[in-house]
Amino acid sequence: MAIKSVIYGVGPIGQLIARIAVERGFEIVGAVDIDPQKVGKDLGEVIGLGKTLGIKVESDADKVLKDSNPDIVLHSTGSFFDKVYPQIMKAVKANADVISTCETLSWPWYRYSDLAELVDSYAKNHNVTILGAGVNPGFVFDALPAVLSVTLTRLDKITVIRSLDASKRRYSFQKKIGLGMTPSQFNEALSRGEITAHVGFAESVHLLASIIGLKLDRVEEGQEALIAEKHYETQYFKMEPGQVKGVVGHGSGFINGREIIRVELRACAGCEDFEEVRLEGEPSITWRSTGTAGDPATAAVIINLAPRVLDARPGLITLKDLINYSYSVLTSK
């Protein structure tokens, strides 16, 4: 039976999700967005499908959800749980499961513990499931190293590095990492929330620790600008020496004062595309890839996990709840 789905958010990621959903045989029963250039248009037209789907993009989420009665809402509107939770609550009120790309929803207890408990209780009362997932958090910094660590008899430390060539990414990504700004402009914009760079370092650390059975004492995260040493140019921005060419960020998890988990993201114009997972222990191993395409991978994660969310227990869950193993091979030293 086709999964009745509402696309909530028809931005770049939402459009990818919608296209893959159509290809995979999902039954799209509604679409929500507030962009006046999209509202009233057929979803097929908006996502560049080359055909109409008979589904108009509408701004009234309550009406769409009530009229369409979806099994699940495929949600992609923002990165911060406290900003998007009213949208998620609308879906829960309509008795629909939710899978969202919201980064801080992947481990909402870190920044929004009270809100997470409230939404969890509300979801359970409505017998629906809510999951935050994507490529990062959701795969590169958490699920991937957790799976790789199962081959070790003793695990001392996990380090994950993700490097992205920002010049290949969409405009909104290049903007949010501050390309072309001065260092002071970058720091001010980041502190005011005008740009976000990467969101979810701490969430990934917590999620990874949870999957492999670690209880962390504390988590730290931070981000700094990468400064151009020469001229760089992308489709959207020009960078001269001394201006921001990207960002480097990190998250760390500690036990007894020792860094056990470290995740790092380097995104800049001219950066190499790769992911590397270093597992220190017995035996120590290093795994390296040629890079995961972030946007298509995020959309794929949402679509691939949707059927499992429909079968999952009610409440606010994490990726750990969809993984069938939990273990700990951490050394006691």
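**Helix packing, strand pairing and backbone features in a predicted model**

Q: In this predicted model, at about what angle to β8 does helix α8 run?
A: Helix α8 comprises residues 183–192 and lies across β8 and β11. Its direction relative to β8 is given by an angle of about 145°.

Q: Which strands stand at the edges of the open sheet that contains β11 and β12?
A: Six strands form this open sheet, with mixed pairing, in the order β8-β11-β12-β7-β13-β14. An edge strand here has a single partner strand, so one side of it is left without a neighbour in the sheet. The strands in that position are β8 (218–227) and β14.

Q: By how many degrees are neighbouring strands of this sheet turned against each other on average?
A: The value refers to neighbouring strands in the six-stranded open sheet. With direction ignored, the average turn is 10°.

Q: Which residue of β12 stands opposite Ile 255?
A: Strand β11 (residues 244–255) and strand β12 (residues 258–268) run antiparallel and are joined by ten bridges. Opposite Ile 255, the residue in β12 is Arg 258.

Q: Is α1 parallel or oblique to α10?
A: Two packed helices are described by the angle between their axes and the distance between the axes. For helix α1 (residues 12–23) and helix α10 (residues 294–311), the axes are 9 Å apart and the angle is about 55°. That angle makes the arrangement of α1 relative to α10 oblique.

Q: Is the crossing of α1 and α10 left-handed or right-handed, and how many residues of the contact are nonpolar?
A: The crossing is right-handed. On the α1 side the contact is made by Ile 13, Leu 16, Ile 17, Ile 20 and Ala 21, while α10 contributes Asp 295, Pro 296, Thr 298, Ala 299, Ala 300, Ile 302 and Ile 303. These residues include one charged and one polar, and the number of nonpolar residues is ten.

Q: Is Asn 304 of helix α10 buried or partly exposed?
A: Asn 304 lies in helix α10, and its C-alpha is 14 Å from that of Ala 143, with the two positions 161 residues apart in sequence. The relative accessibility of Asn 304 is 40%, so the residue counts as partly exposed.

Q: Which residues of β4 point the other way from Ile 72 and Leu 74?
A: Strand β4 covers residues 72–75, and its residues are all buried. Ile 72 and Leu 74 point one way, and the residues pointing the other way are Val 73 and His 75.

Q: Which residue of β5 is the bridge partner of His 75?
A: Strand β4 pairs with strand β1 (residues 4–8) in the parallel sense over four bridges, and Ser 5 stands opposite Ile 72. Four bridges also join β4 to strand β5 (residues 97–100), and these two run parallel. In β5, the partner of His 75 is Ser 100.

Q: Where is Pro 283, which a cis peptide bond joins to Glu 282?
A: The bond between Glu 282 and Pro 283 has an omega of about -10°. Another cis bond runs from Asn 136 to Pro 137, with omega near 5°, and Pro 137 is found in the loop between β6 (129–132) and α6 (143–148). The place of Pro 283 is the loop between β13 (274–282) and β14 (285–289).

Q: What is the relative accessible area of Asn 127?
A: Asn 127 has a positive phi of about 60° although it is not a glycine, and lies in the loop between α5 (113–125) and β6. Asn 127 is exposed, and its relative accessible area is 58%.

Key
Residues are numbered from 1 along each chain as its sequence is written. This is a predicted model: local features need pLDDT of at least 70, side-chain atom pairs count only at pLDDT 80 or more; totals for chains, interfaces and linings use all residues. Side-chain values use heavy atoms; hydrogens and water are left out. Axes are lines fitted to C-alpha atoms, for helices over the stretch in contact, and angles run from 0 to 180 degrees between N-to-C directions. Angles under 35 degrees count as roughly parallel, over 145 as roughly antiparallel, 65 to 115 as roughly perpendicular and the rest as oblique. A crossing is left-handed if the near helix is turned anticlockwise from the far one by less than a right angle, and right-handed if clockwise. Contact means heavy atoms within 4.5 Å. Ala, Val, Leu, Ile, Met, Phe, Trp, Tyr, Cys and Pro count as nonpolar, Asp, Glu, Lys and Arg as charged, and the others, Gly among them, as polar. Buried means under 20% relative accessible area, exposed over 50%, partly exposed in between (1.4 Å probe, protein chains only). Two strands pair if DSSP finds at least two bridges between them.
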